[in-house]
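Here is a short briefing on how the parts of this protein meet and what surrounds its ligand. Keep the structure open while reading.

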Amino acid sequence: MKYRLLTPGPTPVPEETLLELARPVPYHRTPEARAILKEVLEGVQYVFQTQNDVIALTSSGTGAMEAALVCAVPRGAKAICAYAGRFGERWHKLWQAFGIESVPVTAPYGKAVSPQQIEAALKAHPDAVAVCVVHSETSTGVKHDLAAIGPLVAKTQALFIVDAISSAGALELRTDAWNLDLVATGSQKALRMPPGLAFVSVSPKAWQRIESHRPAAFYFDLSRYRAKLKDPDTPFTPAHTLLRALQISLRRIRAEGIENIWNNCARLARAARAAVHAMGLELFAEVPAEGLTAIKVPDGLDGVELLQRLEKKYGLKLAGGQDHLKGKIVRLAHMGYIDFFDVLAALVGLECVLAEMGHPVRLGSAAAAAQQAWLGT
Ligand SMILES: *Cc1c(COP(=O)(O)O)cnc(C)c1O
């Protein structure tokens, strides 16, 4: 049986990138290694649509967020943390762990925090020095409207920090046009790579703030990385074999074109949503992100068993809900190296499993709806 990885991280890795990962490990302080790093940083700038500096870190996405959150906000200062899901909540806890007064601005899981809520929070807390928002909240499948929030934050002294871990390379993301000061991502979501690398872009406004205080960080002190950016190098041993592999994935992303990739993701999302409705199921997210679809498990069905059947019988690995959503939702990724036929396989497999579990479905309806939406008919 063929195994198909369709979770919203990690995601499948293209064959040519996997082959690169099979090559011997070279030394890392060489002109060749610096040339690879340079190309990778430029590639991430392209994915982020930014001229800002990009810093490469050897960590998962959380490391890049920790670097951004801790370097941007001094201990004892106040910051606004918007969240409507598990990842946003993580950043709220992270700030608290570093002695930062994190003001929560929330919405129930499945909904999005509105730009109006952020605007009101900025008015109520003019001393806030940062605002943190998760672009694509992977735990619920919800998208936040960065284009609307960016200009609101830009008018204030606050820095706009964005978790783009599952959105960079999947959703429209315009770092410069939307005034995003610090944008973080990890390699294993839409960048077509295994886990292990993380990136954060830093605007001039953010650098000014970061350089004005001594961050409660050492490994994740972004100024150390900035100092090495000319003829780029890294302050610590980089995961240079991963960087070499990412170079391959980024070349492919460039060849496809970032706007085409965004459009393709949106098209896959439309196909997935149409199939969900055709099966008589509901979406969990009120404002769904294009990189994944969160589907409500119908009442009376065991969501954990449903996922087990998909994996064991059909080789389809989808994700479930986390914490209180465990067993209640199914999350299907359609980002990175996942194409229409992968998504179709998942949807048809889901329909098969629903039928096996005695849920009323009309076989063929998921595929038909997905095809129609895909073709735009
Ligand atoms: C996956 C994910 C994270 C966590 O990233 P790690 O790489 O596991 O540290 C954080 N935020 C979002 C939105 C994610 O999708």
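Glutamate 290 and lysine 143 form a salt bridge, with 2.9 Å between their closest N and O atoms. The model is predicted. Glutamate 290 falls within domain 1, which covers 4–8 + 258–375, while lysine 143 falls within domain 2, which covers 15–256. The rule finds 4 salt bridges across the interface of these two domains.

**Polar links and elements at the domain interface**

- Across the interface of domain 1 and domain 2, 12 residue pairs are in polar contact, both residues being at pLDDT 80 or more.
- On the side of domain 1 that touches domain 2, the elements giving two or more residues are α10 (258–278), β11 (292–296) and β14 (329–333).
- Of these, α10 gives the most, with 6 residues.
- By class, this side of domain 1 has 16 nonpolar, 5 polar and 5 charged residues.

**Extent of the interface**

- The centres of domain 1 and domain 2, taken over C-alpha atoms, are 28 Å apart.
- Contact involves 26 residues of domain 1 and 30 residues of domain 2.
- Interface size is often given as the accessible area lost when the parts come together.
- Here domain 1 and domain 2 bury about 2,500 Å² between them. Carbon and sulfur atoms account for 56% of that area.
- In domain 1, Ile258, Trp262 and Tyr337 lose the most area to domain 2. Together they make up 27% of what the domain 1 side buries.

**Salt bridges in the whole structure**

- A search of the whole structure finds 22 salt bridges.
- One salt bridge joins arginine 174 to glutamate 259, with the closest N and O atoms 2.9 Å apart.
- Arginine 174 sits in the loop between β8 (159–163) and β9 (182–186), and glutamate 259 sits in helix α10, so the pair ties together parts that are 85 residues apart in sequence.

**Around the ligand**

- Which of the 14 residues around the ligand come nearest? They are Ser60, Thr62, Thr138, Asp163 and Lys189.
- Serine 60 places a polar side-chain atom 2.5 Å from an oxygen atom of the ligand.
- Threonine 62 has a side-chain N or O atom 2.5 Å from an oxygen atom of the ligand.
- For aspartate 163, the partner is a nitrogen atom of the ligand, 2.6 Å from a polar side-chain atom.

Definitions and conventions:
Residues are numbered from 1 along each chain as its sequence is written. This is a predicted model: local features need pLDDT of at least 70, side-chain atom pairs count only at pLDDT 80 or more; totals for chains, interfaces and linings use all residues. Side-chain values use heavy atoms; hydrogens and water are left out. Domain bounds come from an automatic or database domain assignment. Contact means heavy atoms within 4.5 Å. Buried area is the accessible area (1.4 Å probe) that two parts lose on being put together, summed over both. A salt bridge is a side-chain nitrogen of Lys or Arg within 4 Å of a carboxyl oxygen of Asp or Glu. A polar contact is a pair of N or O atoms within 3.5 Å; within protein, one must be able to donate a hydrogen and the other to accept it, and residues adjacent in sequence count only if both atoms are side-chain atoms. Helices (H or I, at least four residues) and strands (E, at least two) are DSSP runs, numbered from the N terminus. Ala, Val, Leu, Ile, Met, Phe, Trp, Tyr, Cys and Pro count as nonpolar, Asp, Glu, Lys and Arg as charged, and the others, Gly among them, as polar. A residue is near a molecule or strand if one of its heavy atoms lies within 4 Å of it.
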